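Student: I would like to learn how to read strands, cavities and backbone angles in a protein model. Could you walk me through an example?

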Amino acid sequence: MAENLMHLLFCAFCLCFLLGGRVACASSSSSSSPSIHGTIAFATVGRVKYAFDIYTVQVPSNLHSISLSRDVPAVADELLQETLLTDGVSVNSNGHLITPTSSSSSFAPLLKHLDICSDDEEDNNNNNNLCSEATRDDVLAFVSERDGSAQIYFRFLRTHNSQVVGSRRIAQEEQLAAPVKIRPFSRDPGSALYDRPCFAGDRLVYVSTREPLKRPRESWTAVFSTDLKTGFTNRITPHGVTDYSPSVSPSGKWVIVATNHGRGWNGNRHDLGTDLYLSSAVDGSNRHLVVKNGGWPSWADETTVFFHRQAEDGWWSIYKVTIADHLTFQDVERVTPPGLHAFTPAASRTGNWIALATRRPESEYRHVEIFDLGTKTFFKLSEMINPTVHHYNPFVSSDSSQVGYHRCRGNSVDAMNSTAALIPRVEYIRSTEPHLSLIRVDGAFPSFSPDGSMITYIPGVHDLDGGVYVMNLDGTGNRRVFSGQVFATVWNSARKDVVYAAYGPSFASEDSTVHIAAIYNADVADLGPDEQSSNWKTLTANGTGNNAFPAPSPDGNYLVFRSGRSGHKNLYIMDAVHGEEKYLQRLTDGPWTDTMPSWSHDNRWIAFASDRDYPGEGSFAIYFIHPDGTGLHKVLSSRGGRFNHPNFSPDSKSLVFTSDLAGQSADPISVPNQFQPYGEIFIARIDGSNAHRLTHNGYEDGTPSWGRTFIPTADLSSEGSKVFCDFSDDLWLATANNKVASQTCGSP
């Protein structure tokens with residue numbers, strides 16, 4: 001299954017979906033179109049609040065002799081000390097820690113692969129003795145989004161230096177070398193996701209979305225194995241198959257993965273329905289089924305694997321499978337009891353215990369605990385240190401002396417990095433288009449001013465008094481221009497001083513009261529903390545129900561919007577200055593939802609999302625219609641899929657939208673709450689052709705907007721808000737068991 005490097009750089013696979021009655025394909029490569037320019041801004045649910053860093057805790061030698069009747073904070077201060085392993089830059093997650101032993105192999109191949117060390121002794125001496133002493137240092141492989149996409153980094157760690165932050169002791173590893181991004185291939189693969197790194201001798205095994213799949217609504221996630229001595233990479237996952245969550249056996253010979261094995265994604269937002277398959281960690285050969293219905297595997301020894309699944313009683317639980325000599329499973333045993341959710345296990349390879357994450361019915365927080373397999377008891381590790389913080393995806397060091405995890409850093413890294421406690425208002429995202437900048441906004445519904453120099457947005461969709469904000473394209477000059485609960489902000493296409501918004505609750509029923517408001521002086525207004533908006537006007541009439549998603553005509557004189565006044569959410573056009581009292585035209589009509597319109601800058605088309613093919617089933621396609629109501633036709637769709645939030649490029653030749661075409665790129669239980677974790681940003685030509693993917697992550701990306709001004713990465717400001725760790729864990733884990741109601745948002 002070896003593949004040459006040029007083939008890996010971009011394969012001939014493409015993601016195909018329906019374009020009306022034709023077939024169109026999507027890839028993650030550049031469109032090479034001169035019309036692709038400007039800036040696309042978008043929002044991601046919760047992501048900007050994460051501020052994850054990676055920490056470890058030394059495992060107490062007398063783990064279960066600790067008297068839990070003692071004062072918990074005192075126990076934590078006496079026995080448990082967090083060690084901060086990452087540097088407070090961006091989002092850092094999914095660590096894998098190798099602690100060398102006398103029998104371990106040298107890290108020289110890794111150091112040479114990263115161009116840190118070479119065969120030249122003089123060059124090596126210039127690297128702080130790292131090359132000569134590397135065998136005595138811990139190595140952390142982790143995922144960081146510091147360079148605009150999720151990439152794998154390494155950090156070489158030495159001694160522990162303690163510092164006090166507030167009343168809590170935090171240890172910080174001495175850094176021997178700055179984080180160095182792994183480059184398993186000869187050229188930059190673009191914006192693809194790289195995740196879940198783990199060592200297999202002199203190889204690195206990991207997940208990546210760099211190769212598209214042909215079938216719609218299937219994840220591009222596959223497992224790869226790179227030889228750190230040669231740089232040569234094998235794809236472990238068979239083509240046409242999706243693999244998640246690799247775990248390498250202690251010998252480095254085998255890898256076990258969670259996989260759909262070509263079945264595709266069933267649309268479930270919470271459980272991917274994967275099975276566990278085992279194969280060679282070198283080339284993926286000898287692949288076969290180990291156990292059905294399992295995810296997030298972790299080897300304890302060469303014959304024992306732990307994994308999670310949702311039990312028939314509804315509780316997420318840890319299970320154990322024993323693998324026989326002929327590589328078939330013998331027994332599957334439930335390990336953790338009902339009464340709590342337990343998931344994402346990490347097995348000790350020297351002790352009779354596992355680390356795992358839990359959600360207990362009495363707690364609002366996800367914590368990392370240790371479960372003793374002999375006594376069947378839990379040790380509440382992270383709760384004793386940070387009781388009101390979520391902790392994610394535990395890992396165990398190779399010598400089982402440390403348990404690690406990632407969590408929101410809050411303000412705990414102020415002394416080490418003054419910018420780490422800030423969330424930037426605009427965040428650079430790597431773009432595959434050379435003339436197109438891509439930015440994530442700390443908020444929702446970004447929209448560009450007519451000249452592209454400013455962005456209006458809201459802090460959050462569900463904020464009761466979030467208001468409307470305006471900032472410069474680079475993230476500076478942030479100011480509030482409107483107060484109140486709003487969503488679906490958009491700038492007038494011709495007037496720099498007018499912004500529109502839906503005023504009222506989002507995701508509400510057709511008969512809920514939601515008005516469209518025009519906000520004036522948006523280019524200069526700056527409300528004080530207690531100042532209320534005064535210069536605005538309601539454009540929709542009383543008693544007309546739910547009116548939202550305004551989109552202006554190119555001359556700024558008209559607005560197309562979605563209204564539920566007929567009992568169904570359809571499209572209407574009204575006067576942009578005086579509102580519907582002067583002019584109102586119904587554009588679409590039917591017992592379905594037509595929503596999220598965008599008016600092309602050349603005045604030819606209005607694009608919108610509609611579920612008219614399968615009303616009420618949650619499947620949306622993108623349709624085009626002329627402003628006079630003629631020319632209705634479907635542009636983008638897939639059976640059961642979602643195409644939402646279309647927005648035209650400045651030259652009206654392309655379209656940006658959000659879609660589930662690439663399925664889910666991570667196990668949903670491994671990330672904080674995402675209402676639609678399959679949402680990614682795509683662009684296409686207005687006939688639906690040449691569609692390709694822009695974002696790769698396990699989050700929900702949405703509400704994209706396309707401005708005319710390109711901004712270099714270096715010009716983006718680091719200004720932002722303080723880190724408050726203000727995000728939710730998976731809402732579907734909040735109740736006792738699987739009688740849990742799925743989070744529903746209503747129709748848009």
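Tutor: Gladly; we will go through a strand, a sheet, the cavities and two loop residues. Please keep in mind that this is a predicted model.

Student: Let's begin with strand S33. Is S33 mostly covered or mostly open?

Tutor: The general idea is about side chains: in a regular strand they alternate between the two faces of the sheet. A strand can therefore be read one face at a time. Strand S33 spans residues 454-458, and five of its five residues are buried. On one side lie Met454, Thr456 and Ile458. The other side has Ile455 and Tyr457, and both faces are covered.

Student: Which strands are joined to S33 by bridges?

Tutor: Bridges tell you which strands pair, and the direction of the pairing goes with them. Strand S32 (residues 444-448) runs antiparallel to S33, with three bridges between them. Ser447 stands opposite Thr456 of S33. Strand S34 (residues 468-472) is also antiparallel to S33, joined by four bridges. There, Ile455 has Met471 in S34 as its bridge partner.

Student: What is found between S32 and S33?

Tutor: S32 and S33 form a hairpin with five residues between the strands. One of the residues to look at is Gly452, which takes a positive phi near 80°.

Student: How do I read a whole sheet, and what is the strand order in the one with S40?

Tutor: Start with the order, then look for the edges. The order is S40-S41-S42-S43, an open sheet of four strands with antiparallel pairing. Its edge strands are S40 (547-552) and S43 (579-586), each of which pairs on one side only. On average, neighbouring strands in this sheet are turned by 30° against each other, direction ignored. Looking at one pair, S42 (residues 570-575) and S43 are antiparallel and share four bridges. Tyr572 stands opposite Arg586 in S43.

Student: Now the interior. How many cavities of 30 Å³ or more are there?

Tutor: For cavities, go from the count to the volume and then to the lining. The count is seven cavities of 30 Å³ or more. The largest has a volume of about 210 Å³. It is lined by 19 residues, and those closest to its centre are Ser93, Asn94, Asp195, Val671 and Tyr699. Strands S6 (92-98) and S27 (391-396) are the elements that give two or more residues to this lining. By type, the lining of the largest cavity has 10 nonpolar, seven polar and two charged residues.

Student: What about the second largest cavity: which residues are closest to its centre?

Tutor: The second largest cavity has a volume of about 110 Å³. Of its 15 lining residues, Gly148, Ser149, Arg440, His696 and Asn697 are the closest to the centre. This lining divides into five nonpolar, six polar and four charged residues.

Student: Back to backbone angles. Which residue in the loop between S5 and S6 should I look at?

Tutor: Check the sign of phi, then the place in the chain, then the accessibility. Ser90 lies in the loop between strand S5 (82-84) and S6. Its phi is near 65°, a positive value in a residue other than glycine. Ser90 counts as partly exposed because its relative accessibility is 21%, and the cut-off for buried is under 20%.

Student: And where is Asn603?

Tutor: Asn603 is in the loop between strand S44 (594-599) and strand S45 (606-610). Asn603 is not a glycine, yet has a positive phi of about 70°. At 40% relative accessibility, Asn603 is classed as partly exposed.

Terms used:
Residues are numbered from 1 along each chain as its sequence is written. Side-chain values use heavy atoms; hydrogens and water are left out. Buried means under 20% relative accessible area, exposed over 50%, partly exposed in between (1.4 Å probe, protein chains only). Two strands pair if DSSP finds at least two bridges between them. On a 1 Å grid over the protein atoms alone, a cavity is a set of points where a 1.4 Å probe fits but cannot get out, and a pocket is an open set with protein on both sides within 12 Å along at least five of seven lines; lining residues have an atom within 4 Å of a point. Grid points are joined across faces, edges and corners, and a volume is the space filled by probe spheres set on the points. Ala, Val, Leu, Ile, Met, Phe, Trp, Tyr, Cys and Pro count as nonpolar, Asp, Glu, Lys and Arg as charged, and the others, Gly among them, as polar. Axes are lines fitted to C-alpha atoms, for helices over the stretch in contact, and angles run from 0 to 180 degrees between N-to-C directions.
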